[in-house]
Amino acid sequence: MALKPIDPEKCQAEILEGSFMTFGLRANIRRRYSRCPNKPTWIAVEIKTDTGFMALCDTCKKVFEIYVSNVAFQRLKEE
């Protein structure tokens, strides 16, 4: 998670494109990721090293919390 500097305009999470309706085809073709288009509201910071930063929207933060445990979250200040 070493994204520096953070992007204040766009969430930095990458989302796997496709659908559950592809019946396994997604695994057989080259995986495509797109960057989340939402405006970030949180910054994820690595706890142990304090060197990795990542801007996340509310939705991506919820998913991120499920899969990553060594981060702390800080609310982005609204301008």
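This report describes the fold of one protein chain, taken from a predicted model, and then looks at its sheet and at a few of its residues.

## The chain as a whole

The protein chain contains two helices and five strands, and from the N terminus on these elements follow one another in the order β-α-β-β-β-α-β. A reader tracing the chain through the structure above will therefore begin with a strand and also end with one among these elements.

The protein chain has 79 residues, of which 25% count as buried. Its accessible surface comes to about 6200 Å², and carbon and sulfur atoms account for 55% of that surface. When the contacts with a separation of 6 or more are considered, 54% of them are between residues 24 or more positions apart in the protein chain.

## The sheet of three strands

Three strands form an open sheet, in which the order is 4-3-5 and the pairing is antiparallel. Strand 4, which covers residues 53–56, and strand 5, which covers residues 71–75, stand at the edges, and because each has a single partner strand, one side of each is left without a neighbour in the sheet. From one strand to the next, the twist averages 25°.

Strand 3, made of residues 42–46, is joined to strand 4 by four bridges, and these two strands run antiparallel. Strand 3 is also joined to strand 5, in this case by five bridges, and here too the strands run antiparallel. Individual pairs can be picked out in the structure: Trp-42 has Leu-56 as its bridge partner in strand 4, while Arg-75 in strand 5 also stands opposite Trp-42. A further pair is formed by Ala-44, which stands opposite Met-54 in strand 4.

## How strand 3 is covered

Strand 3 is mostly covered, since five of its five residues are buried. The cover is found on both faces of the strand, with Trp-42, Ala-44 and Glu-46 buried on one side, and Ile-43 and Val-45 buried on the other.

Ile-43, whose place is in strand 3, serves as an example of this cover. Its relative accessibility is 12%, and because buried means under 20%, Ile-43 counts as buried. Leaving aside residues up to four places away in sequence, Ile-43 touches Ile-6, Phe-53, Met-54, Ala-72, Phe-73, Gln-74 and Leu-76. One of these residues, Phe-53, is ten residues from Ile-43 in sequence, and the two are 6.6 Å apart in space when the distance is taken from C-alpha to C-alpha.

## Gln-12 and Ala-55

Gln-12 lies in the segment before strand 1, the strand that covers residues 14–16. With a relative accessibility of 9%, Gln-12 counts as buried. A polar atom of the side chain of Gln-12 lies 2.8 Å from the backbone nitrogen of Ala-55. Although Gln-12 and Ala-55 are 43 residues apart along the chain, their C-alpha atoms are separated by 5.5 Å.

## The two cysteines Cys-57 and Cys-60

A search of the whole structure finds zero disulfides, which raises the question of why Cys-57 and Cys-60 are not bonded to each other. The sulfur of Cys-57 has its closest cysteine sulfur in Cys-60, at 3.6 Å, and this is too far for a bond because a disulfide needs the two sulfur atoms to be within 2.5 Å. The same distance applies when the search begins from Cys-60, whose closest cysteine sulfur is that of Cys-57, 3.6 Å away.

Both cysteines count as buried: Cys-57 has a relative accessibility of 3%, and Cys-60 has a relative accessibility of 11%.

Technical notes
Residues numbered from 1 in each chain as written. Predicted model: local features only at pLDDT ≥ 70, side-chain atom pairs only at ≥ 80, totals over all residues. Heavy atoms only, no water. Buried < 20%, exposed > 50% of the residue type's maximum accessible area, 1.4 Å probe, protein only. Contact = heavy atoms within 4.5 Å. Areas by Shrake-Rupley, 256 points an atom, 1.4 Å probe, with all protein chains shown as cover. Polar contact = N/O pair within 3.5 Å; in protein donor to acceptor, adjacent residues only side chain to side chain. Pairing = 2+ DSSP bridges. Axes fitted to C-alpha atoms, helices over the stretch in contact; angles between N-to-C directions.
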